[in-house]
Amino acid sequence: MSRAGRLFLGVATALALTAAAAAPAAAAAPADQPVTMATPSSVTVFKSKGVPGVKIAHALDGIDAVNRAEFTQRAVKVAARVDAHPYNVIIMNLSVNYKAQLTGVKFYANITYKGIFYGIWIATGGKFTNLGDGGYKNWAFFGQFNRTGKGGKVVHFH
């Protein structure tokens, strides 16, 4: 599989980093002005003021993991370490039902890991509910939060 990808600079604060795989419907705004770039995975990014979207996307692109559970845990730690402080980070398998009620979203990216599409958010607060399997292979989070609901599947970020 080719490691070639494309970097698109979009309007205002949207940008996209994509490889051979197409991003799911949850992708950010349409992009223009393609620039070729090497990347082993598919990443689509939306960023707001306050976080370095390209820097985070590159860090996420370089994650090496043995399995999906390790990937989700590393992804939230990488995003937080790059420059998400003092924000909260959550990654979710997009094929699992969820309800995102996040506030102050500073960054969103679609990431493909071994053919599975994930969404990763960096936000100031809000609530995120996992309506499916709660294992690390499907989601992970980092920041200031408390969990409620059956199985702790409702995360309240502060």
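What share of the contacts in the protein with a separation of 6 or more is accounted for by residues 24 or more positions apart? The share is 61%, where contact means heavy atoms within 4.5 Å.

**Before selecting anything**

This is a predicted model, in which local features need a pLDDT of at least 70 and side-chain atom pairs count only at pLDDT 80 or more, while totals for chains, interfaces and linings use all residues. Residues are numbered from 1 along each chain as its sequence is written, and side-chain values use heavy atoms, with hydrogens and water left out.

**Whole chain, coloured by confidence**

Colour the chain by pLDDT, the predictor's confidence in each residue, from 0 to 100. The average for the protein is 75, and 66% of the residues score at least 70. Select residues 1-40: pLDDT stays under 50 there, and the model has 85 contacts beyond four places in sequence for this stretch. Where pLDDT is low, the predicted coordinates should not be read in detail. Among the elements, strand E1 (residues 4-10) has the lowest mean pLDDT, 24, and strand E10 (residues 154-157) has the highest, 97.

**Secondary structure and surface**

Switch to a cartoon. Two helices and 10 strands make up the secondary structure; helices (H or I, at least four residues) and strands (E, at least two) are DSSP runs, numbered from the N terminus. Along the sequence the pattern is β-β-β-β-α-α-β-β-β-β-β-β.

Next, display the surface. The accessible surface comes to about 7,800 Å², and 56% of it belongs to carbon and sulfur atoms; these areas come from the Shrake-Rupley method with a 1.4 Å probe, and for residues only the protein chains shown count as cover. Of the 158 residues, 44% count as buried, a term that means under 20% relative accessible area, with exposed over 50% and partly exposed in between (1.4 Å probe, protein chains only).

**Helix H1 and the loop after it**

Select helix H1 (residues 53-61) and show Gly53, Ile56, Ala57, Leu60 and Asp61, its buried residues. Viewed down the axis of H1, these residues line one face of the helix, because they fall within an arc of 135°, taken from the directions from the helix axis to the C-beta atoms. An α-helix has 3.6 residues a turn, so residues three or four places apart point the same way.

Move on to alanine 65, in the loop between H1 and helix H2 (68-83). Is alanine 65 buried or exposed? Alanine 65 is buried, at a relative accessible area of 12%. Beyond its neighbours within four places in sequence, alanine 65 is in contact with Glu70, Phe71, Arg74, Tyr113 and Lys114. A distance label between the C-alpha atoms of alanine 65 and tyrosine 113 should read 9.3 Å, for residues 48 apart along the chain.

One of those contacts, lysine 114, lies in the loop between E6 and E7. Lysine 114 is exposed, with a relative accessible area of 61%, and has a positive phi of about 50° although it is not a glycine.

**Asparagine 93**

Select asparagine 93 in strand E5 (residues 88-93). Its relative accessibility of 2% makes asparagine 93 buried. The side chain of asparagine 93 makes a polar contact of 2.7 Å with the side chain of serine 95; such a contact is a pair of N or O atoms within 3.5 Å, where, within protein, one must be able to donate a hydrogen and the other to accept it, and residues adjacent in sequence count only if both atoms are side-chain atoms. Outside four places in sequence, the contacts of asparagine 93 are Arg68, Ile116, Phe117, Tyr118 and Asn138.

**The aromatic cluster**

Finally, show the side chains of Tyr98, Tyr108, Trp121, Phe128, Trp139, Phe141, Phe145 and Phe157, which ring pairs link into a cluster. Rings of Phe, Tyr and Trp (its six-membered ring) pair if their centres lie within 6.5 Å; planes under 30 degrees apart count as stacked, over 60 as edge-to-face and the rest as tilted. The structure holds 10 aromatic pairs. Tyrosine 98 and phenylalanine 128 form a stacked pair, 5.3 Å centre to centre with 10° between the planes. This pair links distant parts of the chain, 30 residues apart: tyrosine 98 is in strand E6 (residues 98-113) and phenylalanine 128 in strand E7 (residues 116-130). Tyrosine 98 is partly exposed at 27% relative accessibility, whereas phenylalanine 128 is buried at 0%.

Then centre on tryptophan 139 and phenylalanine 141: this pair is edge-to-face, because the ring centres are 4.9 Å apart and the planes stand at 70°. Tryptophan 139 is buried at 2% relative accessible area, and phenylalanine 141 is buried at 16%.
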